[in-house]
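Visitor: I'm new to this one. Can you put it up and walk me through it?
Guide: Here it is.

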Amino acid sequence: MDNQRILTIENLHAYFYARSKQAFIRSVDNVSFEIHQGQTLGMVGESGSGKSVTALSVMGLVQGSPGVISGAIRFHTPDGPLNLLHGIDRHVQLKRHNGRIMTVIKAARPWEKRLQRRMKGIRGSQLAMIFQDPRSAMNPFSTIGRQITETILRNTAISSRKEARDKTLAWLEQVRIDAPKIRYHNNPHGLSGGMCQRAMIAMALAAEPTLLIADEPTTGLDATIQSRIVALMGQIKSRLGLTTLLISHDIDVIRQLSDRVAVMYGGTVLENGPVDAVLDPAAAPKHPYTAALLASVPDRRLIKKKGVLKAIKGDVLDTINTPKGCRFYPRCRQYHGKIVAACVNQEPPLSPVAQGHAVRCWLFEPINSG
């Protein structure tokens, strides 16, 4: 596996204004990570943890006011790193208190124009995405063949429609759609959920992107189809050497397809490391949230012993009212007396606990008493 970085995210913030509560929803709050060539980084966490908004921010698909407001998304090209958010700070004014963003003033229209200019020639060609619901992401009035063909014509050097059509049929074969020449003429609603997802994968890969983002690619599919889609993605990954950002609630999917894992909670990354170190229940050290997630997932040993799943007590963090200390502290069961004051009052940094493995927890970080 190459050590060349493909994507680097630094201190990304994406907030949305809730008019009913007159406050900001901190969907993504100071997220940083990187993905290297040929790697698959899996992102896991409960609903509302910020996984999908992070992915949409990379694709330049977060709009509205305020949306993405600060940070850097560096996409590494052969010509050097390209910050996809370069210059957006000219259109955003932030007021901070104790290091936290409290007020946002954003000129949405010029911000969006700058972002779209920045993404031109990148989104769809070098960056591609598989969405949660393929039917809603595809044009219901156009055949899947036509949509994939148009993707090829728009995002590759191919200019001949016949050549693009042949390429489309080849991709439909690669994603194991039966009778590709017939399915080419089907509209999305004429396909089963599994076939539609395969067509979405073919469309995302048709321009042979540098980075593929897969957001819950097995959501809404029955167990049999899920396993086939996971197997298909595994085959494509090994055959093409894809660099992938994979988002899933299913820890088993992350285990099968990922090299590294980022565990998100409350809009930020709580743990980041190799998949074996993070998602092996027996491995240590581990963030208390990661340990609680793994304990809440059934496995063969638990089923054989007729054991009881351990639910994570408490409610998912309200990212409107994020605490000034550790975000997971109200639900944590591992803190002890020596660190309680820090857990309540100071947000821990994402600190290394082993080579390539970092955890955001005071259990593993010396407390700053100054």
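Guide: A term to begin with: a salt bridge is a side-chain nitrogen of Lys or Arg within 4 Å of a carboxyl oxygen of Asp or Glu. Glutamate 10 forms one with arginine 74, and their closest N and O atoms are 3.4 Å apart.
Visitor: Where do those two sit along the chain?
Guide: They link distant parts of the chain: glutamate 10 is in strand β1 (residues 5–18) and arginine 74 in strand β4 (residues 66–77), 64 residues apart. Helices (H or I, at least four residues) and strands (E, at least two) are DSSP runs, numbered from the N terminus.
Visitor: What should I know about the model before reading on?
Guide: The model is predicted, so local features need pLDDT of at least 70 and side-chain atom pairs count only at pLDDT 80 or more, while totals for chains, interfaces and linings use all residues. Residues are numbered from 1 along each chain as its sequence is written, and side-chain values use heavy atoms, with hydrogens and water left out.
Visitor: Back to that pair. Is glutamate 10 buried or exposed?
Guide: In between: glutamate 10 is partly exposed, with a relative accessible area of 31%. Buried means under 20% relative accessible area, exposed over 50%, and partly exposed in between (1.4 Å probe, protein chains only). Arginine 74 is also partly exposed, at 28%.
Visitor: How many salt bridges are there in the whole structure?
Guide: A search of the whole structure finds 11. One of them joins the side chains of arginine 331 and glutamate 46, at 3.1 Å from N to O.
Visitor: Which parts of the chain does that pair link?
Guide: Arginine 331 is in the loop between α12 (300–304) and α13 (340–345), and glutamate 46 is in the loop between β3 (40–44) and α1 (51–58). They are 285 residues apart. Arginine 331 is buried, with a relative accessible area of 6%.
Visitor: What about aspartate 252 and arginine 255?
Guide: They form a salt bridge too, with the closest N and O atoms 2.8 Å apart. Both are in helix α9 (residues 251–257), and because they are three residues apart there, about one helical turn separates them. Aspartate 252 is partly exposed at 38% relative accessibility, and arginine 255 is partly exposed at 32%.
Visitor: Which residues are joined into one network by shared partners?
Guide: Asp29, Arg327 and Glu347, through salt bridges that share partners.
Visitor: New topic. How many disulfides?
Guide: Zero, where a disulfide is a pair of cysteine sulfur atoms within 2.5 Å. For cysteine 332, the nearest cysteine sulfur is that of cysteine 361, 6.2 Å away. Cysteine 332 is buried at 8% relative accessibility. Cysteine 196 is buried as well, with a relative accessible area of 0%.
Visitor: Now the strands. Why is strand β10 largely enclosed by the rest of the structure?
Guide: Because five of the five residues of β10 (residues 243–247) are buried.
Visitor: Which residues lie on each side?
Guide: Thr243, Leu245 and Ile247 are on one side, and Thr244 and Leu246 are on the other. Both faces are covered. In a regular strand the side chains alternate between the two faces of the sheet.
Visitor: Which strands are joined to β10?
Guide: Two strands pair if DSSP finds at least two bridges between them. Four bridges join β3 to β10, and they run parallel; leucine 41 stands opposite leucine 245. Strand β9 (residues 211–215) is joined to β10 by five bridges, also parallel. There, leucine 246 in β10 is the bridge partner of alanine 214.
Visitor: How does the chain cross from β9 to β10?
Guide: It goes through helix α8 (residues 223–240), in a β-α-β crossover that is right-handed. Right-handed means that, with the strands pointing away from the viewer, the path from the first strand over the helix to the second runs clockwise.
Visitor: And the backbone? Which peptide bond is cis?
Guide: The one from alanine 284 to proline 285 is, with omega near 0°. Proline 285 is in the loop between α10 (275–279) and α11 (288–295).
Visitor: What is phi for glutamine 22?
Guide: Near 50°, a positive value in a residue other than glycine. Glutamine 22 sits in the loop between β1 and β2 (23–36) and is exposed, with a relative accessible area of 64%.
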